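Got the model open in your viewer? Follow along stop by stop, selecting each piece as we reach it.

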Amino acid sequence: MASMIYLVFGSQIGNPFVKKNLVPGRRLHVPGSIRHFIHLFNDHDKVLTNRIRIRDPRFIELNTYFDHRCHNLHHCPEGYFEHPATIQHLWEPVARQLAARRRSTSTTGPRPLKLSSLSKLTQPRKRPPARKRAFLVGINDYPNPADRLEGCVNDVFLVSSVLQECGFPANHIRVLLDERATTPNILTRIEWLLEDARPGDQLVFYFSGHGARSPKYNADMAIEGYEERLVTHDFDWSDETGITDQMINGLYSQLPYGVHLTFIFDCCHSGGMHRNGTSRIRGLNPPDDIRHRAMQWDTQKKIWVPRAPQAIMQDFSKNDQLNRQFMGQDLCTFRLGCDIEQRAIPQKDYTRLKKASPSDDDFPFLPVIIYACKDSEYAYEYRHGVESFGAFSYVMAATLRKQGAISYNELVAETRRILEKELGLTQTPDCLGPSQILSSNIPHID
(Lines give C-alpha, C1' and ligand atoms only; values in the text may rest on other atoms or scores of the structure.)
Protein backbone atom coordinates (compact mmCIF):
# COMPACT_ATOMS: atom_id res chain seq x y z
CA MET A 1 0.00 0.00 0.00
CA ALA A 2 3.04 2.28 0.17
CA SER A 3 2.33 3.57 -3.35
CA MET A 4 -1.43 3.90 -2.93
CA ILE A 5 -3.31 7.21 -3.05
CA TYR A 6 -6.46 7.28 -0.96
CA LEU A 7 -8.85 9.88 -2.44
CA VAL A 8 -12.11 11.12 -0.94
CA PHE A 9 -14.26 13.96 -2.24
CA GLY A 10 -17.31 15.60 -0.68
CA SER A 11 -16.55 13.33 2.26
CA GLN A 12 -18.75 13.00 5.33
CA ILE A 13 -15.90 11.51 7.37
CA GLY A 14 -15.36 14.61 9.48
CA ASN A 15 -19.03 15.54 9.90
CA PRO A 16 -20.05 15.73 13.60
CA PHE A 17 -23.20 13.66 13.01
CA VAL A 18 -21.22 10.92 11.30
CA LYS A 19 -18.44 10.98 13.90
CA LYS A 20 -20.98 10.75 16.70
CA ASN A 21 -23.02 7.88 15.27
CA LEU A 22 -20.47 5.82 13.34
CA VAL A 23 -17.11 6.41 15.01
CA PRO A 24 -18.03 7.62 18.52
CA GLY A 25 -15.17 9.07 20.47
CA ARG A 26 -12.54 8.08 17.92
CA ARG A 27 -9.96 10.30 16.30
CA LEU A 28 -9.31 10.27 12.55
CA HIS A 29 -6.15 8.79 11.03
CA VAL A 30 -4.50 8.28 7.68
CA PRO A 31 -5.47 4.69 6.80
CA GLY A 32 -2.78 2.04 7.00
CA SER A 33 0.57 2.67 5.34
CA ILE A 34 -0.70 4.42 2.22
CA ARG A 35 1.45 7.02 0.50
CA HIS A 36 -1.06 9.89 0.40
CA PHE A 37 -4.54 10.62 1.74
CA ILE A 38 -6.25 13.38 -0.25
CA HIS A 39 -9.55 15.07 0.56
CA LEU A 40 -11.20 17.31 -2.04
CA PHE A 41 -13.29 19.76 -0.01
CA ASN A 42 -15.99 22.14 -1.21
CA ASP A 43 -17.59 24.42 1.35
CA HIS A 44 -20.72 24.72 -0.85
CA ASP A 45 -21.39 20.97 -0.72
CA LYS A 46 -24.37 20.52 1.61
CA VAL A 47 -24.55 16.71 1.82
CA LEU A 48 -23.05 16.38 5.32
CA THR A 49 -19.61 17.23 3.95
CA ASN A 50 -17.07 18.57 6.37
CA ARG A 51 -13.43 19.48 6.70
CA ILE A 52 -11.17 16.63 7.73
CA ARG A 53 -8.56 17.67 10.27
CA ILE A 54 -5.74 15.13 10.42
CA ARG A 55 -2.24 16.10 11.46
CA ASP A 56 -0.20 13.71 9.36
CA PRO A 57 2.43 14.61 6.72
CA ARG A 58 0.73 12.21 4.28
CA PHE A 59 -2.62 14.01 4.46
CA ILE A 60 -3.66 17.02 2.41
CA GLU A 61 -7.00 18.74 1.99
CA LEU A 62 -7.31 20.49 -1.36
CA ASN A 63 -9.72 23.44 -1.48
CA THR A 64 -11.89 22.64 -4.49
CA TYR A 65 -14.59 25.27 -4.06
CA PHE A 66 -17.23 25.33 -6.78
CA ASP A 67 -20.83 26.43 -7.10
CA HIS A 68 -22.01 24.23 -9.96
CA ARG A 69 -25.72 23.69 -10.52
CA CYS A 70 -25.34 20.06 -11.58
CA HIS A 71 -26.97 19.20 -8.28
CA ASN A 72 -29.05 21.46 -6.08
CA LEU A 73 -26.85 20.57 -3.11
CA HIS A 74 -23.55 21.01 -5.05
CA HIS A 75 -22.61 17.38 -4.40
CA CYS A 76 -21.38 16.22 -7.82
CA PRO A 77 -18.16 14.40 -8.83
CA GLU A 78 -17.55 16.60 -11.86
CA GLY A 79 -17.11 19.69 -9.72
CA TYR A 80 -14.40 17.97 -7.69
CA PHE A 81 -12.64 16.10 -10.50
CA GLU A 82 -12.54 19.05 -12.93
CA HIS A 83 -11.37 21.61 -10.40
CA PRO A 84 -8.05 23.32 -11.29
CA ALA A 85 -6.50 22.34 -7.93
CA THR A 86 -7.34 18.67 -8.56
CA ILE A 87 -5.95 18.82 -12.09
CA GLN A 88 -2.71 20.50 -11.00
CA HIS A 89 -1.95 18.42 -7.92
CA LEU A 90 -3.46 15.04 -8.80
CA TRP A 91 -4.43 14.30 -12.42
CA GLU A 92 -1.43 15.93 -14.12
CA PRO A 93 1.19 14.19 -11.90
CA VAL A 94 -0.65 10.86 -12.34
CA ALA A 95 -0.77 11.32 -16.12
CA ARG A 96 2.95 12.13 -16.29
CA GLN A 97 3.82 9.06 -14.24
CA LEU A 98 1.63 6.77 -16.36
CA ALA A 99 3.12 8.17 -19.58
CA ALA A 100 6.61 7.57 -18.23
CA ARG A 101 5.64 3.99 -17.40
CA ARG A 102 4.48 3.33 -20.95
CA ARG A 103 7.72 4.70 -22.36
CA SER A 104 9.87 2.55 -20.11
CA THR A 105 11.12 -0.80 -21.34
CA SER A 106 9.39 -3.94 -20.23
CA THR A 107 12.57 -5.11 -18.47
CA THR A 108 12.33 -2.43 -15.83
CA GLY A 109 9.14 -3.92 -14.45
CA PRO A 110 6.28 -1.99 -12.78
CA ARG A 111 7.19 1.00 -10.69
CA PRO A 112 5.08 2.71 -8.03
CA LEU A 113 3.66 6.13 -8.72
CA LYS A 114 5.68 8.95 -7.20
CA LEU A 115 3.73 12.16 -7.19
CA SER A 116 6.41 14.79 -6.71
CA SER A 117 3.88 17.63 -6.90
CA LEU A 118 1.80 16.12 -4.13
CA SER A 119 4.86 15.12 -2.11
CA LYS A 120 5.91 18.76 -1.96
CA LEU A 121 2.47 19.73 -0.68
CA THR A 122 2.50 17.08 2.03
CA GLN A 123 6.15 17.43 2.98
CA PRO A 124 6.28 18.34 6.68
CA ARG A 125 7.78 21.74 7.31
CA LYS A 126 10.77 22.14 9.56
CA ARG A 127 9.21 22.83 12.93
CA PRO A 128 10.59 25.16 15.56
CA PRO A 129 10.75 24.09 19.21
CA ALA A 130 7.58 23.79 21.30
CA ARG A 131 5.79 27.11 21.68
CA LYS A 132 3.87 29.09 24.24
CA ARG A 133 0.99 30.85 22.56
CA ALA A 134 -2.15 32.59 23.86
CA PHE A 135 -5.28 34.26 22.54
CA LEU A 136 -7.16 36.59 24.92
CA VAL A 137 -10.59 38.21 24.46
CA GLY A 138 -12.14 40.97 26.56
CA ILE A 139 -15.40 42.80 25.85
CA ASN A 140 -16.68 45.72 27.92
CA ASP A 141 -18.50 47.84 25.34
CA TYR A 142 -21.35 45.65 24.16
CA PRO A 143 -23.73 47.45 21.75
CA ASN A 144 -26.58 47.54 24.28
CA PRO A 145 -25.59 50.02 27.03
CA ALA A 146 -27.40 47.90 29.64
CA ASP A 147 -25.11 44.96 28.84
CA ARG A 148 -21.82 46.80 29.24
CA LEU A 149 -19.17 45.66 31.69
CA GLU A 150 -16.18 47.40 33.24
CA GLY A 151 -13.41 44.91 33.97
CA CYS A 152 -12.98 42.73 30.89
CA VAL A 153 -10.31 44.76 29.12
CA ASN A 154 -8.42 45.07 32.41
CA ASP A 155 -8.66 41.29 32.73
CA VAL A 156 -6.98 40.77 29.36
CA PHE A 157 -4.03 42.99 30.26
CA LEU A 158 -3.79 41.33 33.69
CA VAL A 159 -3.77 37.80 32.23
CA SER A 160 -1.32 38.83 29.50
CA SER A 161 1.10 40.17 32.11
CA VAL A 162 0.87 36.95 34.15
CA LEU A 163 1.45 34.81 31.05
CA GLN A 164 4.49 36.86 30.11
CA GLU A 165 5.84 36.36 33.62
CA CYS A 166 5.38 32.63 32.95
CA GLY A 167 7.51 32.77 29.81
CA PHE A 168 4.96 33.46 27.06
CA PRO A 169 6.63 35.76 24.48
CA ALA A 170 4.73 39.02 23.95
CA ASN A 171 4.65 38.44 20.19
CA HIS A 172 2.94 35.07 20.76
CA ILE A 173 -0.02 36.62 22.59
CA ARG A 174 -2.89 37.99 20.51
CA VAL A 175 -5.86 39.90 21.88
CA LEU A 176 -9.26 41.07 20.67
CA LEU A 177 -11.08 43.82 22.56
CA ASP A 178 -14.58 45.31 22.42
CA GLU A 179 -15.94 45.97 18.89
CA ARG A 180 -13.17 43.94 17.21
CA ALA A 181 -14.17 40.81 19.16
CA THR A 182 -16.75 39.56 16.65
CA THR A 183 -17.60 35.92 16.00
CA PRO A 184 -15.59 35.62 12.73
CA ASN A 185 -12.58 37.43 14.22
CA ILE A 186 -12.53 35.21 17.30
CA LEU A 187 -12.83 32.00 15.27
CA THR A 188 -10.00 33.13 12.99
CA ARG A 189 -7.72 33.79 16.00
CA ILE A 190 -8.61 30.42 17.54
CA GLU A 191 -7.48 28.79 14.28
CA TRP A 192 -4.22 30.75 14.60
CA LEU A 193 -3.83 29.57 18.21
CA LEU A 194 -4.21 25.89 17.29
CA GLU A 195 -2.51 25.97 13.90
CA ASP A 196 0.16 23.27 13.47
CA ALA A 197 -0.01 22.41 17.18
CA ARG A 198 2.34 19.68 18.29
CA PRO A 199 3.24 17.85 21.51
CA GLY A 200 4.84 20.13 24.07
CA ASP A 201 3.06 23.28 22.91
CA GLN A 202 1.43 25.33 25.68
CA LEU A 203 -1.69 27.08 24.36
CA VAL A 204 -4.17 29.28 26.24
CA PHE A 205 -7.55 30.66 25.14
CA TYR A 206 -8.99 33.17 27.61
CA PHE A 207 -12.39 34.91 27.40
CA SER A 208 -13.67 37.70 29.63
CA GLY A 209 -17.16 38.98 28.92
CA HIS A 210 -20.77 37.85 28.93
CA GLY A 211 -21.91 34.26 28.60
CA ALA A 212 -25.35 33.08 27.52
CA ARG A 213 -27.40 29.93 27.25
CA SER A 214 -29.84 29.22 24.44
CA PRO A 215 -32.03 26.30 23.30
CA LYS A 216 -30.60 23.70 20.92
CA TYR A 217 -32.95 21.87 18.54
CA ASN A 218 -32.93 18.55 16.75
CA ALA A 219 -34.19 17.90 13.21
CA ASP A 220 -37.81 17.81 14.45
CA MET A 221 -37.37 21.24 16.09
CA ALA A 222 -37.74 19.67 19.51
CA ILE A 223 -35.40 20.98 22.19
CA GLU A 224 -32.60 18.47 22.74
CA GLY A 225 -30.90 20.63 25.32
CA TYR A 226 -29.24 23.99 25.79
CA GLU A 227 -25.86 25.21 24.63
CA GLU A 228 -23.49 27.63 26.27
CA ARG A 229 -22.20 30.57 24.25
CA LEU A 230 -19.50 33.14 24.63
CA VAL A 231 -21.22 36.45 23.87
CA THR A 232 -19.27 38.18 21.12
CA HIS A 233 -19.63 41.87 20.22
CA ASP A 234 -21.89 40.97 17.25
CA PHE A 235 -24.00 38.48 19.23
CA ASP A 236 -27.71 38.60 18.35
CA TRP A 237 -28.98 35.22 19.66
CA SER A 238 -28.77 33.67 16.19
CA ASP A 239 -27.04 30.36 15.42
CA GLU A 240 -24.29 32.20 13.54
CA THR A 241 -23.15 34.49 16.36
CA GLY A 242 -21.54 33.78 19.70
CA ILE A 243 -18.95 31.06 20.21
CA THR A 244 -20.30 27.57 20.94
CA ASP A 245 -18.48 24.31 21.54
CA GLN A 246 -19.72 22.99 18.21
CA MET A 247 -17.98 25.88 16.42
CA ILE A 248 -14.57 25.05 17.85
CA ASN A 249 -14.57 21.32 18.67
CA GLY A 250 -13.48 20.43 15.15
CA LEU A 251 -10.34 22.46 15.78
CA TYR A 252 -9.33 21.15 19.19
CA SER A 253 -10.72 17.58 19.22
CA GLN A 254 -8.09 16.39 16.74
CA LEU A 255 -5.10 17.91 18.51
CA PRO A 256 -2.24 15.50 19.18
CA TYR A 257 -1.73 14.26 22.71
CA GLY A 258 1.03 16.13 24.46
CA VAL A 259 -0.39 19.55 23.54
CA HIS A 260 -1.24 21.56 26.68
CA LEU A 261 -4.40 23.49 25.74
CA THR A 262 -6.20 25.48 28.42
CA PHE A 263 -9.56 27.24 28.05
CA ILE A 264 -10.34 29.88 30.71
CA PHE A 265 -13.84 31.37 30.72
CA ASP A 266 -14.55 34.32 33.03
CA CYS A 267 -18.26 34.54 32.27
CA CYS A 268 -21.47 32.81 33.32
CA HIS A 269 -24.42 31.32 31.51
CA SER A 270 -27.18 31.76 34.09
CA GLY A 271 -28.26 35.21 32.91
CA GLY A 272 -29.03 37.94 35.40
CA MET A 273 -28.28 41.64 35.01
CA HIS A 274 -26.65 43.74 37.69
CA ARG A 275 -28.61 46.29 39.66
CA ASN A 276 -27.28 49.61 40.87
CA GLY A 277 -25.20 49.17 43.98
CA THR A 278 -24.38 45.51 43.33
CA SER A 279 -21.59 43.76 41.50
CA ARG A 280 -21.97 43.37 37.76
CA ILE A 281 -22.85 39.88 36.57
CA ARG A 282 -21.24 38.45 33.44
CA GLY A 283 -24.24 36.74 31.89
CA LEU A 284 -27.12 37.77 29.64
CA ASN A 285 -30.80 37.02 30.03
CA PRO A 286 -32.35 35.90 26.72
CA PRO A 287 -34.93 38.22 25.12
CA ASP A 288 -38.56 37.16 25.27
CA ASP A 289 -38.64 35.65 21.77
CA ILE A 290 -35.72 33.37 22.69
CA ARG A 291 -37.39 32.52 26.02
CA HIS A 292 -40.53 31.53 24.10
CA ARG A 293 -38.56 28.88 22.21
CA ALA A 294 -37.90 27.06 25.47
CA MET A 295 -41.46 27.33 26.87
CA GLN A 296 -44.86 25.82 26.21
CA TRP A 297 -48.42 26.51 27.32
CA ASP A 298 -49.82 24.12 29.92
CA THR A 299 -53.42 23.74 28.76
CA GLN A 300 -54.52 22.24 32.08
CA LYS A 301 -52.92 24.73 34.48
CA LYS A 302 -53.22 27.65 32.02
CA ILE A 303 -49.65 28.80 32.62
CA TRP A 304 -46.39 28.92 30.69
CA VAL A 305 -43.96 26.13 31.67
CA PRO A 306 -40.47 25.24 30.46
CA ARG A 307 -40.13 22.57 27.83
CA ALA A 308 -38.37 19.62 29.40
CA PRO A 309 -35.60 18.16 27.25
CA GLN A 310 -34.21 14.79 28.19
CA ALA A 311 -30.71 14.42 29.54
CA ILE A 312 -28.17 14.55 26.71
CA MET A 313 -26.74 11.13 27.63
CA GLN A 314 -28.73 9.40 30.33
CA ASP A 315 -26.18 6.60 30.71
CA PHE A 316 -23.05 8.74 30.40
CA SER A 317 -21.66 7.93 33.84
CA LYS A 318 -22.72 6.76 37.31
CA ASN A 319 -20.61 9.58 38.74
CA ASP A 320 -23.10 12.42 39.27
CA GLN A 321 -20.40 15.07 39.65
CA LEU A 322 -18.80 14.05 36.35
CA ASN A 323 -22.18 14.10 34.60
CA ARG A 324 -22.83 17.64 35.79
CA GLN A 325 -19.36 18.82 34.83
CA PHE A 326 -19.86 17.60 31.26
CA MET A 327 -23.58 18.40 30.85
CA GLY A 328 -24.43 21.06 33.43
CA GLN A 329 -26.53 20.93 36.56
CA ASP A 330 -29.64 20.10 34.49
CA LEU A 331 -27.77 17.40 32.50
CA CYS A 332 -29.15 19.06 29.36
CA THR A 333 -26.42 21.58 28.52
CA PHE A 334 -23.77 21.36 25.79
CA ARG A 335 -20.91 22.92 27.75
CA LEU A 336 -18.09 24.87 26.17
CA GLY A 337 -14.97 22.79 25.59
CA CYS A 338 -16.50 19.43 26.53
CA ASP A 339 -17.18 18.12 23.00
CA ILE A 340 -20.03 16.06 24.45
CA GLU A 341 -21.62 15.59 21.00
CA GLN A 342 -18.72 13.33 20.04
CA ARG A 343 -19.07 11.26 23.23
CA ALA A 344 -21.94 9.08 22.06
CA ILE A 345 -20.96 6.12 24.22
CA PRO A 346 -21.27 5.76 28.02
CA GLN A 347 -18.26 6.68 30.12
CA LYS A 348 -17.77 3.07 31.27
CA ASP A 349 -17.52 1.87 27.65
CA TYR A 350 -15.26 4.79 26.79
CA THR A 351 -12.98 3.88 29.73
CA ARG A 352 -12.96 0.21 28.72
CA LEU A 353 -11.99 1.04 25.14
CA LYS A 354 -9.31 3.42 26.35
CA LYS A 355 -7.76 0.74 28.57
CA ALA A 356 -7.81 -1.74 25.70
CA SER A 357 -6.27 0.68 23.21
CA PRO A 358 -2.48 0.56 22.80
CA SER A 359 -2.41 4.27 22.04
CA ASP A 360 -4.18 7.43 23.20
CA ASP A 361 -4.33 8.42 19.55
CA ASP A 362 -7.61 6.50 19.15
CA PHE A 363 -9.45 8.99 21.35
CA PRO A 364 -10.43 12.64 21.11
CA PHE A 365 -8.36 15.32 22.74
CA LEU A 366 -9.88 17.00 25.80
CA PRO A 367 -8.48 20.39 26.83
CA VAL A 368 -8.24 21.66 30.38
CA ILE A 369 -11.27 23.90 30.91
CA ILE A 370 -11.41 26.38 33.80
CA TYR A 371 -14.80 27.94 34.48
CA ALA A 372 -15.24 31.05 36.62
CA CYS A 373 -18.29 29.46 38.24
CA LYS A 374 -20.65 26.53 38.00
CA ASP A 375 -23.12 26.70 35.14
CA SER A 376 -25.98 27.51 37.57
CA GLU A 377 -24.09 30.39 39.26
CA TYR A 378 -23.11 33.97 38.46
CA ALA A 379 -19.64 35.28 37.58
CA TYR A 380 -19.14 38.67 39.24
CA GLU A 381 -16.97 41.70 38.67
CA TYR A 382 -14.76 42.98 41.48
CA ARG A 383 -13.84 46.58 42.23
CA HIS A 384 -10.19 46.81 43.31
CA GLY A 385 -9.76 50.42 44.41
CA VAL A 386 -10.79 52.38 41.32
CA GLU A 387 -10.22 49.52 38.87
CA SER A 388 -12.66 46.80 37.87
CA PHE A 389 -11.74 43.19 37.15
CA GLY A 390 -13.48 39.87 36.90
CA ALA A 391 -13.47 38.59 40.47
CA PHE A 392 -12.34 35.17 39.30
CA SER A 393 -9.59 36.50 37.00
CA TYR A 394 -8.24 38.86 39.64
CA VAL A 395 -8.02 36.16 42.34
CA MET A 396 -6.67 33.54 39.92
CA ALA A 397 -3.88 35.89 38.77
CA ALA A 398 -2.97 36.82 42.35
CA THR A 399 -2.90 33.14 43.33
CA LEU A 400 -0.62 32.21 40.44
CA ARG A 401 1.79 35.02 41.32
CA LYS A 402 1.83 34.07 44.97
CA GLN A 403 1.96 30.27 44.75
CA GLY A 404 4.30 29.67 41.83
CA ALA A 405 4.30 25.93 41.07
CA ILE A 406 0.72 24.73 41.51
CA SER A 407 -1.64 22.19 39.94
CA TYR A 408 -4.88 23.07 38.17
CA ASN A 409 -6.88 21.49 40.97
CA GLU A 410 -4.97 23.44 43.62
CA LEU A 411 -5.32 26.69 41.68
CA VAL A 412 -9.08 26.33 41.35
CA ALA A 413 -9.50 25.26 44.98
CA GLU A 414 -7.51 28.22 46.31
CA THR A 415 -9.29 30.67 44.00
CA ARG A 416 -12.62 29.25 45.18
CA ARG A 417 -11.62 29.66 48.82
CA ILE A 418 -10.58 33.31 48.42
CA LEU A 419 -13.71 34.23 46.47
CA GLU A 420 -15.92 32.77 49.18
CA LYS A 421 -14.03 33.49 52.39
CA GLU A 422 -12.35 36.81 51.60
CA LEU A 423 -14.61 38.43 48.98
CA GLY A 424 -17.89 36.91 50.16
CA LEU A 425 -18.98 35.84 46.67
CA THR A 426 -21.15 32.79 46.04
CA GLN A 427 -19.12 31.87 42.99
CA THR A 428 -17.61 28.41 42.66
CA PRO A 429 -14.83 28.05 40.04
CA ASP A 430 -14.53 24.62 38.49
CA CYS A 431 -12.17 22.79 36.15
CA LEU A 432 -12.54 19.83 33.84
CA GLY A 433 -9.94 17.81 31.98
CA PRO A 434 -7.86 14.63 32.10
CA SER A 435 -7.42 13.79 35.79
CA GLN A 436 -3.69 13.14 35.45
CA ILE A 437 -3.14 16.61 34.00
CA LEU A 438 -5.39 18.37 36.53
CA SER A 439 -3.44 16.91 39.44
CA SER A 440 -0.03 17.81 37.93
CA ASN A 441 1.71 21.17 38.11
CA ILE A 442 0.55 23.67 35.50
CA PRO A 443 3.13 23.46 32.69
CA HIS A 444 2.86 27.16 31.79
CA ILE A 445 4.64 28.14 35.00
CA ASP A 446 8.43 27.97 34.77
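Start by selecting α6, residues 183-194, and colour its buried residues: T183, I186, R189, I190, W192, L193 and L194. Buried here means under 20% relative accessible area, with exposed over 50% and partly exposed in between, using a 1.4 Å probe and protein chains only. Helices (H or I, at least four residues) and strands (E, at least two) are DSSP runs, numbered from the N terminus.

Before going on, two housekeeping notes. This is a predicted model, so local features need pLDDT of at least 70 and side-chain atom pairs count only at pLDDT 80 or more, while totals for chains, interfaces and linings use all residues. Residues are numbered from 1 along each chain as its sequence is written, and side-chain values use heavy atoms, with hydrogens and water left out.

**Stop 1: around α6**

Keep α6 selected and show what its buried residues pack against: β4 (132-138), β5 (173-177), β6 (202-208), α7 and β9 (260-266). Contact means heavy atoms within 4.5 Å. If you put a ruler on α6, its twelve residues reach 17 Å from first C-alpha to last, close to the 16 Å expected at 1.5 Å a residue. That expected span is 1.5 Å times one less than the number of residues. Step off the end of α6 and you land on D196, whose phi is positive, near 55°.

Now add α7 (245-252). How do the two helices sit against each other? Their axes come within 10 Å and cross at roughly 20°, which makes α6 roughly parallel to α7. To see the contact, show side chains for T183, L187, I190, E191 and L194 of α6 and M247, I248, L251 and Y252 of α7. The crossing of α6 and α7 is right-handed.

For reference, axes are lines fitted to C-alpha atoms, for helices over the stretch in contact, and angles run from 0 to 180 degrees between N-to-C directions. Angles under 35 degrees count as roughly parallel, over 145 as roughly antiparallel, 65 to 115 as roughly perpendicular and the rest as oblique. A crossing is left-handed if the near helix is turned anticlockwise from the far one by less than a right angle, and right-handed if clockwise.

**Stop 2: the loops on either side**

Go to the loop between β5 and α6 and pick D178. D178 has a positive phi of about 50° although it is not a glycine. Most residues other than glycine have a negative phi. At 13% relative accessibility, D178 counts as buried.

Then jump to the loop between β8 (223-230) and α7, where H233 sits. Is H233 buried or exposed? With a relative accessible area of 17%, H233 is buried. Its side chain reaches the backbone oxygen of D141 at 3.0 Å. Leaving aside neighbours within four places in sequence, H233 is in contact with I139, D141, Y142, P143, D178, E179 and A181, so your D178 from a moment ago shows up again.

Stay in the loop between β8 and α7 and click W237. W237 is another non-glycine with a positive phi, this one about 70°, and at 14% relative accessibility it counts as buried.

**Stop 3: α5 and α11**

Select α5, residues 152-165: its 14 residues should span 20 Å at 1.5 Å a residue, and its end C-alpha atoms are 20 Å apart, which agrees. The buried residues of α5 are C152, V153, D155, V156, L158, V159, S160, V162 and L163. Just after α5, G167 takes a positive phi of about 100°.

Next bring in α11, residues 391-403. α5 and α11 pack at an angle of about 15°, with their axes 10 Å apart, which makes α5 roughly parallel to α11. The contact is made by D155, L158, S161, V162 and E165 of α5 and S393, Y394, A397, L400 and R401 of α11. The crossing of α5 and α11 is left-handed.

Within α11, zoom in on F392. F392 is buried, with a relative accessible area of 1%. Beyond neighbours within four places in sequence, the contacts of F392 include I264, D266, I370, Y371 and A372.

**Last stop: zoom out**

Show the whole protein chain: 13 helices and 16 strands. Of its 446 residues, 49% count as buried.

Terms used:
A polar contact is a pair of N or O atoms within 3.5 Å; within protein, one must be able to donate a hydrogen and the other to accept it, and residues adjacent in sequence count only if both atoms are side-chain atoms.
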